[in-house]
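Q: Hi, could you walk me through this one? I'd like to start with the ligand site.
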Amino acid sequence: MTPAAPQKFILDECRSDAHGDQVKTRMTVNPIDVAAIIHRLAFFDTFTADEKCQITSEDAHFRMYNPGELLIRQGSSDRSLFIILSGNVAVTESAGGTLLAVLRAGDIFGEMAFLTDTRRTANVVARDAVIALKLDHLLFEQLSAEVREKFKDKIIKKLVTRLETANKELTRLSVMAGNGTFQMPETVAAPAASFSGKPEVPVFESGRELIRKIVSHTASLPAMPEVMIKVQKLIQLPATTPAQLAKIIETDPSMVAGILKVANSAYYGFRGKVSTIQHASSLFGTRRLAELITAMSAGGVLGRAMDGYGHKAGDMWRHSILVACTASEIAAIVADDILDSAYMAGLLHDIGKIILDPYVRERKVLFDHYFSTYPEKTIQEAEGHILGFNHAVIAAILCEKWSLPKSIAFGIRNHHQPSSAGDHLLSHIVHFADYLSGQTDKERNGKVPAKSLDDATRSIIPLDPDMIETIVKKARQYTRSLTGRLAKR
Ligand SMILES: Nc1ncnc2c1ncn2[C@@H]1O[C@@H]2COP(=O)(O)O[C@H]2[C@H]1O
């Protein structure tokens, strides 16, 4: 059956002006095109050709929206119903910016306010160029009783499908949170959305959506500290001297004090008091000085308190320095050509947590419940179950933004499952260093679950117990000399 094409057809293109107000431009569109779209959409398959013609009459409101344009604002009180003819829209909720759904051609939205005369429950934003049929009450009342009934049937079907999707999402979350054995806490197991108001329970984006969101917002990720950038540039040049490195920090009194404190610590055991940065830099030499400045400059980013992970200010910085030193001590034994990379990868191995912290905090109830069910599980296992990926995976995004060498990004990416990195030595070194540092953390704070050492790492880096004891001792002293305290999570 061929649908009757409307006689005349006008599209309103909506744009935001400089003040953010919506302005409409009318444009004529080939009616055959829209009639063809409507004919293809399953949504209209129960409508007769005459009924389709009624809908696409000259009074109908077909609209075009640009990518990013707001079709519905949460809390507003208009009551139109929308049917997407082409393009995609995102349904989000204002409080946490959570993505509730992505709707496509043939999907209907705005039915909640349309049916119940309540305020809009979510925002609806065009993801790309969208053409939609917008039916307000006036237009709806002008349609024949049969057509109105068919619309109502479609709305009911959509609501049923949406409820099924919400139920499936809840089941998926509970399965992800523990291979089907982990039960969601009461508050989370409640129905995801009542459709008569705000969702009672937060509906979180899937792992894939979350990664997409993070990747599309890289501008908001922390920048590499200025001092670190300068050090990285200088150490690429073979002729760089300790004095040139010292110049970077000599106007920063807290950095100078930090370097002098390390120079006078038991870890280095230099003879006599070191009281100038020039003296300290000549004693340290280029590589050690570059490491120290890098570690200190990372304090601003790594030293933040992280509510989601329960790290107090300074906790992660101390742990990172412990892993950095342990990794470079291991590299000194097994591959001294990657000493610098080992230190850097060790220092930044947990940097993905900085990006994930707000999302972990948002899902705190899930994490708390996971750990109360499985106290021996590690944070990366909890992330895998709840988010679908762990912080090491997400660290690669920041490594790219900071233009770090690919090998460092790869070593960080694989530090929790080094066997997936084959014989990539840096991945095994960072894993070994994190494992040994985890033991220090556990000694200091019994609540930290023990990390296990991958068998592949054990055979690729066969350290004997004496070597391990020496490495751990040196790394603890080094961390103490830099931070004043031992690493503690
Ligand atoms: N979880 C959800 N999944 C899909 N669409 C939704 C969801 N929550 C709200 N919406 C749609 O977003 C619209 C916002 O305006 P209304 O509240 O009128 O109607 C709402 C629904 O059509």
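A: Sure! First, a sorting rule: Ala, Val, Leu, Ile, Met, Phe, Trp, Tyr, Cys and Pro count as nonpolar, Asp, Glu, Lys and Arg as charged, and the others, Gly among them, as polar. This is a predicted model, so local features need pLDDT of at least 70, side-chain atom pairs count only at pLDDT 80 or more, and totals for chains, interfaces and linings use all residues. Residues are numbered from 1 along each chain as its sequence is written, and side-chain values use heavy atoms, with hydrogens and water left out.

Q: Cool, how many nonpolar, polar and charged residues are in the shell around the ligand?
A: The shell has 9 nonpolar, 2 polar and 3 charged residues.

Q: And which come nearest to the ligand?
A: Gly-110, Glu-111, Ala-113, Arg-120 and Thr-121, out of 14 residues around it; near means a heavy atom within 4 Å.

Q: Which side chain is 2.7 Å from a ligand oxygen atom?
A: An N or O atom of the Arg-120 side chain is at that distance, 2.7 Å. The Thr-121 side chain also has an N or O atom 2.7 Å from a ligand oxygen.

Q: How much of the ligand's area does the protein cover?
A: 92% of the 460 Å² accessible on its own (Shrake-Rupley method, 1.4 Å probe).

Q: Which helix gives the largest share of the shell?
A: α3, with 3 residues; helices are DSSP runs of H or I, at least four residues, numbered from the N terminus.

Q: Switching topic: why is α14 largely enclosed?
A: Because 8 of its 10 residues (339-348) are buried, meaning under 20% relative accessible area with a 1.4 Å probe, protein chains only. Among them are Leu-339, Tyr-343 and Met-344.

Technical notes. Buried means under 20% relative accessible area, exposed over 50%, partly exposed in between (1.4 Å probe, protein chains only). Helices (H or I, at least four residues) and strands (E, at least two) are DSSP runs, numbered from the N terminus. A polar contact is a pair of N or O atoms within 3.5 Å; within protein, one must be able to donate a hydrogen and the other to accept it, and residues adjacent in sequence count only if both atoms are side-chain atoms.
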